[in-house]
Amino acid sequence: MFEKPAELKKLFEEKLAGVTATADVEQLRIEFLGKKGSVAALMQELRNIPNEQKKEAGQAINETKQFVENAIAEKLEELKKLEEQKLIDACESYDESMPTDNDIGSYHPITLVRREVENIFLSMGFSIEDYSEITDDYNCFEALNIPKHHPARDMQDTYYLSTGQLLKTHTSAAQNTILRKYKSSLENGNPIRAIFPGRCFRNEKIDACHENTFFQMEGMMVDKDISISNLIYFMKTMLSEVFQRDITVRLRPGFFPFVEPGFELDIQCSICGGKGCPSCKDSGWLELCPCGMIHPNVLTAAGIDPEKYIGFAFGLGMTRLAMMRYGVKDIRVFNSGNLKALSQFTEKSFTKPEESKEA
Ligand code: PHE
């Protein structure tokens with residue numbers, strides 16, 4: 001009996017139990033599943049095993065490999081949830097029991113954040129576009145370089161309607177329509193600069209930091225000679241305005257079929273200033289906004305020549321931004337219809353606490 005796969009599995013389980021950060025999971029993945037990893041080494045050893053035992057040994061290795069793959073995926077999911085919760089917990093909290101002085105109603109916190117971000121982009125020459133909540137498979141996936149049966153669809157558990165249409169899972173669903181709308185203007189020398197906020201829907205299990213109904217703010221810029229530097233500049237300016245301080249950002253590779261290269265944009269943790277603290281899991285950075293250079297297939301699908309034009313796109317999680325901005329630790333507040341909680345957020349809340357004291 002070939003014992004090594006079982007031993008390896010045990011070793012992996014021990015190591016996995018000690019892992020507390022997503023970066024360490026990646027390390028473990030390389031150690032076990034990488035080209036030169038322990039599973040690959042076991043495969044090599046198959047050569048030395050007598051023929052009659054090969055089948056059984058091969059199966060045992062594959063089972064171990066499958067086990068390691070599944071356990072890594074589960075651990076990543078679990079740590080991501082924990083990290084999100086930490087991020088929210090680290091924000092300043094609001095007090096639901098505070099009396100309000102406002103008898104005439106108030107804006108929803110998402111509306112307040114949306115308007116603020118819209119104003120920032122308006123000042124940078126962007127137009128604000130509207131898009132429906134019901135769309136179709138083509139706009140939500142196919143036009144975004146996500147063909148049928150593409151594994152990327154699994155990341156967005158979709159609500160389909162009996163008409164064959166669907167509830168949009170991300171604001172990127174509007175990209176094709178907006179690119180088409182401005183295509184001729186682009187060809188006349190005017191860059192496309194558009195943002196499109198919207199409500200999105202995914203079949204998520206609801207908890208303090210996950211909702212099946214949430215808001216995103218998508219943005220796109222297309223012109224000749226656009227580069228990643230333009231993307232970084234726009235994101236940095238916008239986030240510095242939103243958080244009312246100078247923000248340091250960094251890009252990490254991230255995969256989305258409709259951008260190439262794709263990134264996750266992180267902002268430097270404001271609590272420790274990048275040194276590392278519990279709220280940023282000692283990394284010094286917080287993940288905030290996926291983005292990237294628009295994939296040539298997406299431009300082509302909208303009739304725009306990718307040889308001539310290039311652009312960037314980003315998808316800002318507006319619900320998350322509102323949580324960070326107002327210290328809302330439970331996402332369910334937003335759709336609760338609980339006026340007592342929701343009317344706590346007035347436009348005044350945008351003033352920094354020190355400033356309001358001075359005034
Ligand atoms: N639409 C992506 C999502 O919801 C986010 C994204 C937008 C990524 C634009 C890259 C560019 O997950």
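The following exercises, with worked solutions, concern the ligand site, a cavity, a salt bridge and the backbone of this structure.

The model is predicted, so local features need pLDDT of at least 70 and side-chain atom pairs count only at pLDDT 80 or more, whereas totals for chains, interfaces and linings use all residues. Residues are numbered from 1 along each chain as its sequence is written, and side-chain values use heavy atoms, with hydrogens and water left out.

**Exercise 1. The ligand shell**

Task: Determine which residues come nearest to the ligand and which strands supply the shell around the ligand.

Solution:

Step 1. A residue is near the ligand if one of its heavy atoms lies within 4 Å of it. There are 14 residues around the ligand, and those that come nearest are His170, Ser172, Arg202, Gln216 and Gly315.

Step 2. Helices (H or I, at least four residues) and strands (E, at least two) are DSSP runs, numbered from the N terminus. At least two shell residues come from each of strand 5 (213-223), strand 8 (285-294) and strand 9 (310-317). Strand 9 gives the largest share, three residues.

Step 3. Ala, Val, Leu, Ile, Met, Phe, Trp, Tyr, Cys and Pro count as nonpolar, Asp, Glu, Lys and Arg as charged, and the others, Gly among them, as polar. The shell accordingly holds seven nonpolar, five polar and two charged residues.

**Exercise 2. Polar contacts and cover**

Task: State which ligand atoms lie close to polar side-chain atoms of Ser172, Arg202 and Gln216.

Solution:

Step 1. A polar contact with the ligand is a pair of N or O atoms within 3.5 Å. For Ser172, a polar side-chain atom is 2.8 Å from a ligand nitrogen atom.

Step 2. Arg202 places a polar side-chain atom 2.9 Å from an oxygen atom of the ligand. For Gln216, the distance from such an atom to an oxygen atom of the ligand is 2.9 Å.

Step 3. On its own the ligand has 330 Å² of accessible area, of which the protein covers 94% (Shrake-Rupley method, 1.4 Å probe).

**Exercise 3. The largest cavity**

Task: Identify the residues that line the largest cavity.

Solution:

Step 1. A cavity is a set of points, on a 1 Å grid over the protein atoms alone, where a 1.4 Å probe fits but cannot get out; lining residues have an atom within 4 Å of a point.

Step 2. The lining consists of Ile110, Thr213, Phe214, Phe215, Thr319, Phe334 and Asn335. Its largest share, three residues, belongs to strand 5.

Step 3. By class, four lining residues are nonpolar, three are polar and none is charged.

**Exercise 4. A salt bridge**

Task: Explain why the pair Asp137 and Lys148 ties together parts that are apart in sequence.

Solution:

Step 1. A salt bridge is a side-chain nitrogen of Lys or Arg within 4 Å of a carboxyl oxygen of Asp or Glu. The side chains of Asp137 and Lys148 form one, at 3.5 Å from N to O.

Step 2. Asp137 belongs to helix 6 (residues 137-140) and Lys148 to the loop between helix 6 and strand 3 (166-167), so the pair links parts eleven residues apart in sequence.

**Exercise 5. Backbone exceptions**

Task: Locate the cis peptide bond at Pro261 and the positive phi of Asn145.

Solution:

Step 1. Most residues other than glycine have a negative phi, and most peptide bonds are trans.

Step 2. Glu260 and Pro261 are joined by a cis peptide bond, with omega about 0°; Pro261 is part of strand 7 (residues 259-268).

Step 3. Asn145 has a positive phi, near 65°, and lies in the loop between helix 6 and strand 3.

Terms used. A polar contact is a pair of N or O atoms within 3.5 Å; within protein, one must be able to donate a hydrogen and the other to accept it, and residues adjacent in sequence count only if both atoms are side-chain atoms. On a 1 Å grid over the protein atoms alone, a cavity is a set of points where a 1.4 Å probe fits but cannot get out, and a pocket is an open set with protein on both sides within 12 Å along at least five of seven lines; lining residues have an atom within 4 Å of a point.
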